[in-house]
Amino acid sequence: MTQPNVIDEEDYDYESLPPNFSLIQNMAAGAFAGIAEHCAMYPIDAVKTRMQIVNSNPSAVYHGVIQSTYRIASTEGIFSLWRGMSSVIAGAGPAHAVYFATYEAVKHLMGGNKVGEHHFLAAATSGACATIASDALMNPFDVIKQRMQIQNSAKMYRSMLDCAKYVYRNEGLGAFYVSYPTTLSMTVPFTALQFLAYESISTSMNPTKKYDPATHCLAGAVAGGFAAALTTPMDVIKTMLQTRGAAQDAEVRAVNGFVAGCKLLYRREGVKGFFKGLKPRVLTTMPSTAICWSAYEASKAYFIHQNSQS
């Protein structure tokens, strides 16, 4: 006997969220995606931070992903590759919840959920808006994370809270947001490019927009790698701003913004300095965005299935 309140799952347009798909469910899907993404690739992200830091001390300069990983693990212990991850876990869940909730809301308002159609402006705009909102929440956690990733950070900070107190006490509240404009100059184009590429690839591979794990995984990886490579220069400057307080170099400590960071980096290392950490950034981002999109779409599919049974 057919149950009148049960809607066949096939009747749902997967990408167009049903009316009873709540904001809380959307945010929960985003939070799960964010934590899964960051935790899985954290050690390579730590290597990227070490490679990007501007340092006049040759012993603190890192080259190559494998060599850097071995050097950190052998001299500071294998678990040093995970220092600062608690900050990511604390911040990534809420930040990604806001990220995906904003993305879906803006995309819906701009009519970007129609089956079989690709909306360039809706995808790019919703991605940019999502980034502005989530980065405002995540930036302080990212500062703490990178401070704990630097060489010998264990001697300076015992924990995430200890690091936060140290930064606030010695540099003030502004230290948590000095990199925010630079972060936006990186993440807004990164996210717009990522969402644009993701929507283009996934729509091309899966025109019906039904749940397809392989499509979400592949589209997420390619989109993330493409966006990461193009925005690496801004990421290098962001790292400089977020770690300047722990630098021994007086010029680095004096950097107070994006332009000043660019001038110092170009004078010290030339154009190639803007692409430090490119490989670990792409290596981190491709699987991270694949995991992120896969986890998000799986969570969204689960909630839609649950709603279809109620």
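## Briefing on an all-helical predicted model

In this predicted model, Asn 152 lies in the loop that links helix H5 (120–149) to helix H6 (160–171). The protein chain as a whole contains 12 helices and zero strands, and its pattern along the sequence reads α-α-α-α-α-α-α-α-α-α-α-α. Of its 310 residues, 54% count as buried, and among contacts with a separation of 6 or more, 77% join residues that are 24 or more positions apart.

**The loop between H5 and H6**

- Asn 152 has a phi near 60°, which is a positive value in a residue other than glycine.
- With a relative accessible area of 37%, Asn 152 is partly exposed, because this value falls between the 20% limit for buried residues and the 50% limit for exposed ones.

**Nonpolar cores**

- The largest nonpolar core has 16 residues, and those with the most contacts inside it are Ala 33, Phe 100, Tyr 103, Trp 293 and Tyr 296.
- At least two residues of this core come from each of helix H1 (23–40), helix H4 (85–109), H7, H8 and helix H12 (278–308), and H12 gives the most, with five residues.
- Ala 33 is in contact with Phe 100, Cys 292, Ala 295 and Tyr 296 once its neighbours within four places in sequence are left aside.
- A second core, separate from the largest one, has 13 residues, including Met 240, Leu 241, Val 255 and Cys 262.
- As a general background to such clusters, nonpolar side chains tend to be buried together in soluble globular proteins.

**Packing of H7 with H8**

- Helix H7 (residues 180–205) and helix H8 (residues 213–230) pack at an angle of about 150°, and their axes are 8 Å apart.
- The two helices H7 and H8 are therefore roughly antiparallel to each other, since angles over 145 degrees count as such, and their crossing is right-handed.
- On the H7 side the contact is made by Phe 190, Leu 193, Gln 194, Ala 197, Tyr 198, Ile 201, Ser 202 and Met 205, while the residues contributed by H8 include Thr 215, His 216, Leu 218, Ala 219, Gly 220 and Phe 226.
- The residues of this contact between H7 and H8 divide into 14 nonpolar, six polar and no charged.

**Packing of H2 with H12**

- Helix H2 (residues 42–52) and H12 pack at an angle of about 155°, with 9 Å between their axes.
- H2 and H12 are therefore roughly antiparallel to each other, and the crossing of this pair is left-handed.
- Ile 44, Asp 45, Lys 48 and Met 51 of H2 make the contact with Pro 280, Arg 281, Leu 283 and Thr 284 of H12.
- Sorted by character, the residues of the contact of H2 with H12 are four nonpolar, one polar and three charged.

**Packing of H5 with H9**

- H5 packs with helix H9 (residues 232–243) at an angle of about 80°, and the axes of the two helices are 9 Å apart.
- H5 and H9 are therefore roughly perpendicular to each other, as angles of 65 to 115 degrees count as such.
- From H5, Asn 139, Asp 142, Val 143, Gln 146 and Arg 147 meet Lys 238, Thr 239, Gln 242 and Thr 243 in H9.
- The residues of this contact between H5 and H9 divide into one nonpolar, five polar and three charged.

**Phe 274 and Tyr 266**

- Phe 274 lies in the loop between helix H11 (258–269) and H12, and Phe 274 is buried, because its relative accessible area of 13% is under the 20% limit.
- Not counting residues up to four places away in sequence, Phe 274 touches Thr 232, Pro 233, Val 236, Ile 237, Cys 262, Leu 265 and Tyr 266.
- Phe 274 and Asp 235 are 39 residues apart in sequence, and their C-alpha atoms are 8.5 Å apart in space.
- Tyr 266, one of the residues that Phe 274 touches, has its place in helix H11 and is exposed, with a relative accessible area of 52%.
- Leaving aside its neighbours within four places in sequence, Tyr 266 is in contact with Val 271 and Phe 274.

Definitions and conventions: Residues are numbered from 1 along each chain as its sequence is written. This is a predicted model: local features need pLDDT of at least 70, side-chain atom pairs count only at pLDDT 80 or more; totals for chains, interfaces and linings use all residues. Side-chain values use heavy atoms; hydrogens and water are left out. Axes are lines fitted to C-alpha atoms, for helices over the stretch in contact, and angles run from 0 to 180 degrees between N-to-C directions. Helices (H or I, at least four residues) and strands (E, at least two) are DSSP runs, numbered from the N terminus. Angles under 35 degrees count as roughly parallel, over 145 as roughly antiparallel, 65 to 115 as roughly perpendicular and the rest as oblique. A crossing is left-handed if the near helix is turned anticlockwise from the far one by less than a right angle, and right-handed if clockwise. Contact means heavy atoms within 4.5 Å. Ala, Val, Leu, Ile, Met, Phe, Trp, Tyr, Cys and Pro count as nonpolar, Asp, Glu, Lys and Arg as charged, and the others, Gly among them, as polar. Buried means under 20% relative accessible area, exposed over 50%, partly exposed in between (1.4 Å probe, protein chains only). A nonpolar core is a set of buried Ala, Val, Leu, Ile, Met, Phe, Trp, Tyr and Cys residues joined through side-chain atoms within 4.5 Å.
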